[in-house]
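User: I'd like a close look at one spot in this model, with a bit of the whole fold around it for context. Could you walk me through it?

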Amino acid sequence: MVLLRRTLIAAALAGSLFAQAEPVTPGAVAGHYANLVHAGYLDSIQSAKAMQTSIEAFLAAPSEDTLKAARQSWIAAREYYGQTEAFRFYGGPIDAEDGPEGRMNAWPMDEAYVDYVQGKPKAGLINNAKVKITREVLVAANEKGGEENISTGWHAIEFLLWGQDLSADGPGARPASDFVDGGKPNAERRRTYLKIVTQLLVDDLESVAKAWEPNANNYRSKFVADDASIQKMLTGLGALSRGELAGERMEVALASKSQEDEHSCFSDNTHRDIVNNAKGIQNVWEGHYKRADGSELSGPSLRELVAGKDAKVADKTSTDIANSLKLAEAIQPPFDREILGKNSAPGRKRVRAVIDALKLQANDLVQAAKVLGIKNLNTKV
């Protein structure tokens, strides 16, 4: 009996090891990716709704304390949205031709298009009495007449909460009195504007999440069954790594040394935008995501899929992605100070190190794609 028991146990262990050794499939990787995407957007919705609650409390009783709380909630919500940007750049629900991304996160923003700025006290839609402040009007106004004419989304909300960043070493300092009747002109219109664009952002996030809901006839159901889904995933990571994050969001600002070219310039939150974008890339590559409630999702990943064919390429990609994130976390806020000075300045060297690391990981992702038989991976936006 003892010998038989040992034999059965040995057979069970062998079977377990055999099962663990089975390579992951593209379908399993795409299915787990869909889980990560849905979870990421649910966390972004939750944090955006918490922001909305803080903003509504501020609008109901404008004060420096309620304004501070609203600002903190915006920063907290960006932590989750930033990670979802790894789900872009392949024509998915968020940035398809009719997708809402341009309403949600477009930048850089000409702040004078929305409200007063230094030297132009009557600038912006808010101060133009001929413009009705309605949802339909603000949606139609977004990017009307120019890409920098941003009227909605994260950065319109950011500008309304912080105002222009006129400080050399800090964020904008819009006073709460801008939203108090009898204070700054058009306070009621300013309150209405902020309330509308905040609700619009929540609604757009919910529409994208719905497209990724499980057990529904939606984009997700088509994605997990699509033979091209792995290519789309890698395209998203490559384009965010090289064209968008290393290029548009960092290299442009490093070259211009201009605050106007940083992502979240009013709040001085750009350094966290960079970190969370880099973290989002790692989430997808490794098939792992830590949710807002502390729970963790792990499953079949691109790394495992590539490792099944070329472990060296998979390991190098993982190492380089982790290094990019580490270097991003070393950027010291505010970002608009990091980019100043000569190329030998410590801040510029820190930013350049992240750019170079992101370019390297983009090349890794191209090689990973080739391992999987994908010959032309587009890493440009």
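Analyst: Let's go to D268, keeping in mind that this is a predicted model. D268 is buried but makes no salt bridge. The nearest side chain of opposite charge belongs to R337, and it sits 8.7 Å away, whereas a salt bridge here would need a side-chain nitrogen of Lys or Arg within 4 Å of a carboxyl oxygen.

So where does D268 sit, and what touches it? Its place is in the loop that runs between α9 (229-256) and α10 (270-286). Setting aside the neighbours within four places in sequence, D268 is in contact with D165, G170, P171, E262, P334 and D336. Among those partners, D165, E262 and D336 are residue types that count as negative.

Now zoom out to the whole protein. The secondary structure comes to 14 helices and 2 strands, and 50% of the 381 residues count as buried, D268 being one of the buried ones. Of the contacts with a separation of 6 or more, 73% are between residues 24 or more positions apart.

As for overall shape, the C-alpha trace spans about 90 × 50 × 40 Å along its principal axes. The radius of gyration is 23 Å, which agrees with the value near 21 Å for a compact globule with 381 residues. The accessible surface comes to about 17,300 Å², with 53% of that belonging to carbon and sulfur atoms.

Back to charge, then: the protein carries 46 positive and 50 negative side chains, and the centres of the two sets lie 2 Å apart.

Methods: Residues are numbered from 1 along each chain as its sequence is written. This is a predicted model: local features need pLDDT of at least 70, side-chain atom pairs count only at pLDDT 80 or more; totals for chains, interfaces and linings use all residues. Side-chain values use heavy atoms; hydrogens and water are left out. Helices (H or I, at least four residues) and strands (E, at least two) are DSSP runs, numbered from the N terminus. Buried means under 20% relative accessible area, exposed over 50%, partly exposed in between (1.4 Å probe, protein chains only). Contact means heavy atoms within 4.5 Å. The radius of gyration is taken over C-alpha atoms; the globule rule is 2.2 Å times the number of residues to the power 0.38. Accessible areas come from the Shrake-Rupley method with a 1.4 Å probe; for residues, only the protein chains shown count as cover. The place of a charge is taken as NZ of Lys, CZ of Arg, CG of Asp or CD of Glu.
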